[in-house]
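Here are a few exercises to work through with the model open in your viewer. Try each task before reading its solution.

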Amino acid sequence: MISIDHKRGLKYFLFGGLYVSEGLMIAITTVATSLYLREKAVSIPVTTLIVGIVNVPWMLKFVWGPIVDYFIRLGRRTFIILGGTLSVSCMFLVSFIDPSVSLLPFTVLIFLSHVGIGFIDVSTDAWAIDVSTDKDRGKINGSMFAGQYGAWAIGAAVFPLVGSQYGYQYAYLLNAVLILLILLFPFIVTETSKVKVKEKIASLVFTEFKKKTVLLVAVFSPLVFMNEGIMSYIIPLYMRDGLGMSDVQIGLISMIFPVFLAVGSLVGGVVTDKIGRKSTLYVFIGLNIVFTASLIFADSWWTLSVIYGIIGFLMGGHSTASCALFMDVTNPRIGATQYGIFTGIANVGLNGGGMITGTMAVALGFSRTFLYAAWVFGPALLVLYFIRITKRKW
């Protein structure tokens with residue numbers, strides 16, 4: 001068995017690798033599943049509804065987290081393996097189902113696969129909290145986000161290619177195999193935890209969220225991720241309806257976003273460990289406001305590509321710093337639960353921002369929507385100003 005306690009390189013590889021499984025699931029759902037359902041003549045409204053339903057487990061981290069913390073004696077690694085097994089099994093089974101014939105079982109299996117990934121996510125976060133320090137927490141978050149965004153970018157290109165050439169059932173099989181390979185590493189890594197005693201989760205959560213700093217971070221969480229939701233939804237619409245691009249062009253330019261998110265995550269992780277969370281957030285968010293607003297001048301594919309890439313880089317940076325901040329104020333005794341609440345609320349802000357984007361674009365036009373996407377950072381910066389970060393001893 002391998003110990004990662006004093007080996008930073010292995011920490012980054014382990015946690016970044018586990019987040020690769022999350023990026024693969026994002027790609028298989030948002031890209032491959034959408035294309036597969038349309039190929040099977042499923043209507044656009046039903047397609048988007050199904051994609052939304054199967055992504056619901058990402059907002060239920062406050063459910064998976066307490067389960068992981070309640071059975072803390074079993075360790076974080078146990079739930080990573082169990083969650084991965086569930087996800088792989090469902091991906092394997094869904095490859096044998098034709099959605100045009102059995103749409104409900106198809107949807108349920110993908111939903112359950114995301115539940116498995118949800119357990120991997122909260123367990124990985126809790127494990128990272130257990131073994132990280134103030135000096136490497138940002139870089140660990142950077143490696144995690146880089147793994148997720150990198151896999152998202154690669155999956156967005158590879159899964160449709162496999163699906164169009166050999167059939168989308170093979171894309172699901174490929175995803176199952178890749179996640180299975182990722183699960184091999186936790187089998188050979190020893191797990192150490194700061195706590196092994198079962199906690200009174202409800203009382204500890206109540207105690208933590210009575211603290212002013214924790215409450216402010218909880219308010220900050222959805223605000224800082226709302227811009228990402230708006231950008232993710234509005235840019236493809238703008239490329240198609242605003243600039244009249246073809247599907248091939250849209251696909252290629254869409255890959256720019258997760259690639260630069262990955263790079264920004266790595267850079268943001270290093271920077272936030274050196275200059276601190278708030279300073280990093282002020283720099284990356286401030287620049288993101290400027291470049292998001294500058295989208296009103298993106299009237300060609302190349303100007304959009306440049307600005308979109310810069311926004312992705314900056315977004316990756318402040319996302320990493322934000323999650324490092326979440327870890328800083330999380331009590332390791334309820335690591336999966338408390339951090340899961342922070343990130344679950346963040347996903348509510350992200351998905352909520354995305355869901356209203358279509359209405360905003362129709363009512364206000366693309367240019368004003370871009371300006372409002374920049375404006376939503378204002379409340380986030382205001383809350384950040386009042387957050388006071390102090391070194392806590394657990």
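**Exercise 1.** Decide whether Cys323 is buried or exposed, then do the same for Cys90.

*Solution.* Keep in mind that this is a predicted model. Buried means under 20% relative accessible area. Cys323 comes out at 4%, so it counts as buried. Cys90 has 5%, so this cysteine is buried too. Now for disulfides: the sulfur atoms of a pair must lie within 2.5 Å, and by that rule the count is zero.

**Exercise 2.** Find the salt-bridge partner of Asp121 and work out which helices the pair connects.

*Solution.* Start with the total: searching the whole structure turns up seven salt bridges. In one of them, Asp121 meets Lys61, with 2.8 Å from N to O. Next, place the two residues: Asp121 sits in helix H5 (residues 103-131) and Lys61 in helix H3, so the bridge ties together parts 60 residues apart in sequence. Finally, check the surroundings: Asp121 and Lys61 are both buried.

**Exercise 3.** Work out which network Arg277 belongs to.

*Solution.* First, Arg277 pairs with Asp273, their closest N and O atoms lying 3.1 Å apart. Both of these residues are buried. Then follow the salt bridges outward: Lys139, Asp273, Arg277 and Asp328 are linked in a network.

**Exercise 4.** Classify Phe62 by its accessibility and find the surface patch it joins.

*Solution.* Phe62 is in helix H3, residues 61-70. Its relative accessibility is 45%, so Phe62 counts as partly exposed. On the surface, Phe62 forms a nonpolar patch with Val63, Ile67, Tyr70, Phe71 and Leu74, about 530 Å² of accessible area together.

Key:
Residues numbered from 1 in each chain as written. Predicted model: local features only at pLDDT ≥ 70, side-chain atom pairs only at ≥ 80, totals over all residues. Heavy atoms only, no water. Patch = residues over 30% accessible without salt bridge, like charges linked within 9 Å, V, L, I, M, F, W, Y side chains within 5 Å. Areas by Shrake-Rupley, 256 points an atom, 1.4 Å probe, with all protein chains shown as cover. Salt bridge = Lys/Arg side-chain N within 4 Å of Asp/Glu carboxyl O. Helix = DSSP H or I, 4+ residues; strand = E, 2+ residues; numbered from the N terminus. Buried < 20%, exposed > 50% of the residue type's maximum accessible area, 1.4 Å probe, protein only.
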